[in-house]
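Student: Hello! I am new to this structure and would like to learn how to read it. Could we look at it together?

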Amino acid sequence: MGKRWSCKATGENLLAQAKEKVTALNERGVEPHLAVVLVGEDPASKVYVSNKIRTCESLGIKSTFHKLEADTDTDSLLSVVDELNGDNAVHGILVQLPLPKQVDESRIIAAINPDKDVDGFHPVNVGRLSLGEPGLFPCTPMGVIALLRDSGHGLSGKHAVVIGRSNIVGKPMAQLLLKENCTVSIIHSRTQNPADLCRQADIVVAAVGRPGLVDAAWLKPGALVVDVGINEITDSEQARKLIPSESKKMKSFREKGRVLYGDVNYFSCLETAELVTPVPGGIGRLTIAHLMVNCVVAAELQNP
Ligand code: GUN
């Protein structure tokens, strides 16, 4: 029987690292400053953005919030980004995704100064990661690496399977695991026999957006399982399949008619895995904690 993998200690470590760097920057007269840009009214994005701003405040990182109308076009957003690029007091720029469909997302990302790109999505930072050069790298995969390192299980030579190939998580995750000397496989929608491949993994990182996709039959006994998926289940048939009837999670589903669920069938995987991160209450906090690290790294890059 495996264990719930708490991400709390790693989150606290990352925040403590960021805080230490804030203090050192302040001593040099630099106040790290993150500009957060939100376009439109997406409720989930609003929650994410307010959590990011709140965490900045708790560490003494200045944040400014730039809220734009839902009908903002690419050119107007480009001018906001240009202005923030040109403002020497701003060290980090975060444009919350997804953007409304009329906005050309890749043009926006490419317009951000790579040294202010605290999300690590700019093609220059993607290239730096792939070349093994220093840079700003995506927060969720960086948080996962910190968690794996803190676990004390060692990464070098391990077979890591990443499920999902998004630009935000899957691809950078695979690159970072490779940098840690893992043997890396990526499972995606066209992979043949995904469960057979996954069963060879020492480390599984699921980031695909399919609730409960990974169950015990996908795992080698003792695997370390990181669940990056955040899905909302509203279908009671699906809830019944994935959630034990006596659990707190099922109680919450019955009360609210919806529940957050990861890409991992948590209750099934606990039987076979060594450690499984929960959803919610798992990797999410590491994404924000690493964003804080990236903000101070960006401030350092601009104040060598
Ligand atoms: N939307 C979902 N995840 C992210 C993220 O890590 N950064 C930004 N900017 N938007 C997101």
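Tutor: Gladly! This is a predicted model. Let us begin with one span: residues 138-302 are 40% helix and 16% strand, and the C-alpha atoms at the two ends lie 19 Å apart.

Student: What does UniProt list at residues 138-302?

Tutor: An unreviewed UniProt entry places the feature "domain: Tetrahydrofolate dehydrogenase/cyclohydrolase NAD(P)-binding" there. The entry also lists residues 7-119 as "domain: Tetrahydrofolate dehydrogenase/cyclohydrolase catalytic". For residues 7-119, the end C-alpha atoms are 20 Å apart, with 50% helix and 16% strand in the span.

Student: Now a single residue, please. Where does threonine 287 lie, and is threonine 287 buried or exposed?

Tutor: Threonine 287 is part of helix α12, which covers residues 284-302. A residue counts as buried if 20 or more other C-beta atoms lie within 10 Å of its own. Threonine 287 has 23 such atoms within 10 Å, so this residue is buried.

Student: Which residues does threonine 287 touch?

Tutor: Leaving out residues up to four places away in sequence, threonine 287 touches Cys139, Thr140 and Gly143. Methionine 142 makes a nice exercise in comparing sequence with space: threonine 287 and methionine 142 are 145 residues apart in sequence, yet their C-alpha atoms are 7.8 Å apart.

Student: And which residues are around the ligand?

Tutor: Cys139 appears again here, together with Leu94, Val95, Gln96, Leu97, Asp119 and Ile168.

Student: How many residues of each class are in that shell around the ligand?

Tutor: The shell has 5 nonpolar residues, 1 polar and 1 charged.

Technical notes: Residues numbered from 1 in each chain as written. Predicted model: local features only at pLDDT ≥ 70, side-chain atom pairs only at ≥ 80, totals over all residues. UniProt positions renumbered as here; feature names shortened; annotations may be inferred. Helix = DSSP H or I, 4+ residues; strand = E, 2+ residues; numbered from the N terminus. Near = placed C-beta within 6 Å. Nonpolar A, V, L, I, M, F, W, Y, C, P; charged D, E, K, R; others polar. Buried ≥ 20, exposed ≤ 12 C-beta atoms within 10 Å, placed from the backbone. Contact = placed C-beta atoms within 7 Å.
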